[in-house]
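Trainee: Hi! Could you walk me through this one, starting with the rings?
Mentor: Happy to. Have a look first.

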Amino acid sequence: MADRDGLFAGDDPFDIARGWLAEAERSEPNDPNAIALATVDADGMPDARMVLLKDIEGQGTDGSFVFYTNYDSAKGRQITATGKAAFVMHWKSLRRQIRVRGHVTRVEGAQADAYYDSRALQSRLGAWASRQSQPLESRAALAAEVAKLGLRYGTRPPRPPFWGGFRVAPVQMEFWADGAFRLHDRFRWNKEASGGWFVERLSP
Ligand SMILES: Cc1cc2nc3c(=O)[nH]c(=O)nc-3n(C[C@H](O)[C@H](O)[C@H](O)COP(=O)(O)O)c2cc1C
C-alpha cells in the first residue's frame, strides 16, 4: 500500500509488532508486554483479562504470539473449547495499539519447560499451588499449599501438567497509531486463503 510508511512500513507484521514492543519497553513504566486477552465461554459470553506476552515467534505468514497460564483456568478451558482468542496491546506512552485475532494451540514440551524453569522458585511453586480461577478459602490456605509443595519438590519442581503456554497464530492483525484530531492511522492485515497477507488502511 502506497502510503503505508513510517511506523507502519514493512512486509512482516511480526517485525512491526516486535519493533513497537521494543519501543514500548523503553517508554512504558511497567509491563510493556501486557495484553488484554479475550475469549468466549460455552454460552458465547465474552471474557477478558490481562496476561503477559512472552514471545513473538516466527515471521511473515508463520508468526505467532505466546503467553503462559493454567490450562484449567477459565481462560484455559475457554481456549481449549474454542481454539480461538483475540488480544489487544495498548501503550499509553506511545498512543498505539495492536489488535490480534487468531487460532490457538498449546506450547508444551521443552519450550514450556524452559520458560517454566526460568521463573523464580516461588512462581514455579505458585503455579503448582494455585487452582487458578477456582474459589479459594483464604490467603493462608494458598501459602500453606506453596509451603507443602516446596517440601515435596525442593528447588527443582517440574512444570505442572496443567500449566503451559498458548500460541496465537493470527488470522487478522491491526496496527493503530494516534493521529491529530482523532484522525488516527489504522492498517489491518488479513491472512488470505492463499497464505499471504492482504493489508488495507481503515477509516479511523
Ligand atoms: C499485568 C497483568 C499480567 C498478568 N499476566 C498473567 C499471565 O501471564 N498469566 C496468567 O495466567 N495470568 C496473568 N495475570 C492474571 C490474569 O489477569 C487473571 O487474573 C488470571 O489469569 C485468571 O484469569 P481467568 O480466570 O480468566 O482464567 C495477569 C494480570 C495482570 C494485571
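Mentor: Rings of Phe, Tyr and Trp (its six-membered ring) pair if their centres lie within 6.5 Å; planes under 30 degrees apart count as stacked, over 60 as edge-to-face and the rest as tilted.

Trainee: So how many aromatic pairs does the count come to?
Mentor: The count is 15 aromatic pairs. In one of them, the ring centres of F67 and F166 are 5.8 Å apart with planes at 45 degrees, so this pair is tilted. F67 belongs to strand β3 (residues 64-70) and F166 to strand β6 (residues 163-177), so the pair ties together parts 99 residues apart in sequence. Helices (H or I, at least four residues) and strands (E, at least two) are DSSP runs numbered from the N terminus.

Trainee: Before we go on, what kind of model is this?
Mentor: It is a predicted model, in which local features need pLDDT of at least 70 and side-chain atom pairs count only at pLDDT 80 or more, while totals for chains, interfaces and linings use all residues. Residues are numbered from 1 along each chain as its sequence is written, and side-chain values use heavy atoms, with hydrogens and water left out.

Trainee: Back to the rings: are F67 and F166 buried or exposed?
Mentor: Both F67 and F166 are buried (under 20% relative accessible area; exposed is over 50%, and partly exposed in between, with a 1.4 Å probe and protein chains only). F166 also pairs with Y71, edge-to-face, at 5.0 Å centre to centre and 75 degrees between the planes. Y71 sits in the loop between β3 and α2 (74-82) and F166 in strand β6, so here the linked parts are 95 residues apart in sequence. Y71 is buried too, as is F166.

Trainee: Which residues do ring pairs link into a cluster?
Mentor: F8, W20, F175, F187, W189 and W197 are joined that way.

Trainee: What lies over the face of W20?
Mentor: R96 does, at 4.9 Å from the ring centre. A charge sits over a ring if NZ of Lys or CZ of Arg is within 6 Å of the ring centre and within 35 degrees of the ring normal. W197, another member of the cluster, has K191 over its face at 5.4 Å from the ring centre.

Trainee: New topic! How many salt bridges does a search of the whole structure find?
Mentor: Eleven salt bridges turn up, each a side-chain nitrogen of Lys or Arg within 4 Å of a carboxyl oxygen of Asp or Glu. R96 appears again here: R96 forms a salt bridge with E23, with the closest N and O atoms 2.9 Å apart. E23 is in helix α1 and R96 in strand β5 (residues 96-107), so the pair ties together parts 73 residues apart in sequence. E23 is partly exposed at 26% relative accessibility, while R96 is buried at 7%.

Trainee: And where do R201 and D3 lie?
Mentor: Their side chains meet in a salt bridge, 2.9 Å from N to O. R201 is in strand β8 (residues 197-201) and D3 is in the segment before α1 (13-27), so this pair ties together parts 198 residues apart in sequence. R201 is partly exposed at 33%, and D3 is partly exposed at 35%.

Trainee: How many residues apart are E145 and K148?
Mentor: Three, about one turn of helix α5 (residues 139-153), where both lie. Their side chains form a salt bridge of 3.5 Å, N to O. E145 is partly exposed at 28% relative accessibility, and K148 is partly exposed at 46%. Salt bridges that share partners also join D3, D185 and R201 into one network.

Trainee: Last thing: which residues is the ligand surrounded by?
Mentor: Among them are D31, M50, T69, S73 and S133, where a residue is near if one of its heavy atoms lies within 4 Å. A backbone N or O atom of M50 lies 2.7 Å from a ligand oxygen atom. An N or O atom in the T69 side chain is 2.7 Å from an oxygen atom of the ligand, and a polar side-chain atom of S73 is 3.3 Å from one.

Trainee: What about phi of D31?
Mentor: Phi of D31 is near 40 degrees, a positive value in a residue other than glycine. D31 is in the loop between α1 and β1 (34-40) and is partly exposed at 45%. S133 is not a glycine either, and its phi is positive at about 80 degrees. S133 is in the loop between α4 (121-129) and α5, and is partly exposed at 47%.

Conventions: Polar contact = N/O pair within 3.5 Å; in protein donor to acceptor, adjacent residues only side chain to side chain.
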